[in-house]
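User: I am new to this structure and would like to know how some of its labels are justified. Please go through them with me.

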Amino acid sequence: MTQVANAAPTASGIVPAAAGDGVELEYWRSVKESNKPEELNAYLTAYPNGQFKALALARLAAIKSGASTATRTLNAGVDPATFTDEATQVTEDQIGLDKNKRRDVQRRLTALGFDTKQTGVFNDETRSVLKRWQTARGYPSSGYLNKNQHKALLAEIVAGPATASDTSQKPARRASAPPPSSGPAPAPQRSSSPGDAAGAAFVGGVVGGMMGGMFRR
């Protein structure tokens with residue numbers, strides 16, 4: 001009876017066969033999103049040189065650093081092929097990234113915490129940052145992009161810069177002052193009192209009496 005070498009049970013209790021990429025792929029799919037290190041270590045034991053070894057190690061590192069929950073949230077809705085399809089220079093060229101789109105990739109990476117210069121050129125620094133982003137997300141880390149990875153990056157929510165309409169506030173309206181008058185200012189009116197009125201009546205009476213006497217003569 002032929003024994004299967006390097007056999008280890010999957011999370012569902014299935015023992016993978018030693019040969020056949022299809023069996024390994026199914027095994028990896030059963031544990032790739034697991035938060036249990038023992039299940040990922042079981043895959044590494046069954047396939048010490050497997051094609052998903054790097055992803056398994058990256059997943060283990062993410063679990064150890066406590067980032068597994070955030071990774072699962074970020075990867076929600078991502079095409080499963082994104083976790084398995086290797087990206088190369090050829091796949092990146094197929095996306096058709098011009099300088100502006102490359103700058104947008106660099107801007108998004110920086111906004112997600114993977115700082116890089118926004119030059120629109122994918123130099124060695126950008127390649128290294130892309131590898132760190134791919135490793136953190138559980139994608140094959142080659143430093144290049146393919147269509148699925150590019151789509152996943154664009155789908156991630158980044159904190160956009162505040163716009164002028166968000167930060168500027170309208171100045172408070174100042175109370176409008178009355179328009180200046182073009183003519184001279186009116187003289188202040190003197191307030192009349194009972195004493196003033198009586199004095200004027202007395203003077204008027206005296207003058208009237210004198211004038212009446214002159215006409216009678």
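User: Why does Tyr43 count as buried?

Analyst: This is a predicted model. The relative accessibility of Tyr43 is 0%, and buried means under 20%, so Tyr43 counts as buried.

User: What makes Tyr27 and Tyr43 an edge-to-face pair?

Analyst: Their ring centres are 5.7 Å apart, and rings pair if their centres lie within 6.5 Å. The planes stand at 75 degrees; over 60 counts as edge-to-face. Tyr27 is in helix 1 and Tyr43 in helix 2, so this pair ties together parts 16 residues apart in sequence. Tyr27 also belongs to an aromatic cluster with Trp28, Tyr43, Tyr47 and Phe52.

User: How do you know whether Tyr27 is buried or exposed?

Analyst: Its relative accessible area is 2%. The limit for buried is under 20%, so Tyr27 is buried.

User: Why is Arg102 called buried?

Analyst: Arg102, a residue of helix 6, has 17% relative accessibility. That value is under 20%, so Arg102 counts as buried. Leaving aside neighbours within four places in sequence, its contacts are Glu92, Leu97, Gly120, Phe122 and Arg127.

User: Why is helix 6 called oblique to helix 8?

Analyst: Helix 6 (residues 99–111) packs against helix 8 (residues 147–155) at about 55 degrees, with the axes 10 Å apart. Roughly parallel needs an angle under 35 degrees, and roughly perpendicular needs 65 to 115. The angle fits neither, so helix 6 is oblique to helix 8.

User: Which residues meet there, in helix 6 and helix 8?

Analyst: Asp104, Val105, Arg108 and Leu109 of helix 6 meet His150, Leu153 and Leu154 of helix 8. This contact divides into 4 nonpolar, 1 polar and 2 charged residues.

Note on methods: Residues numbered from 1 in each chain as written. Predicted model: local features only at pLDDT ≥ 70, side-chain atom pairs only at ≥ 80, totals over all residues. Heavy atoms only, no water. Axes fitted to C-alpha atoms, helices over the stretch in contact; angles between N-to-C directions. Helix = DSSP H or I, 4+ residues; strand = E, 2+ residues; numbered from the N terminus. Parallel < 35°, antiparallel > 145°, perpendicular 65-115°, else oblique. Contact = heavy atoms within 4.5 Å. Nonpolar A, V, L, I, M, F, W, Y, C, P; charged D, E, K, R; others polar. Buried < 20%, exposed > 50% of the residue type's maximum accessible area, 1.4 Å probe, protein only. Phe/Tyr/Trp six-rings, centres within 6.5 Å; stacked < 30°, edge-to-face > 60°.
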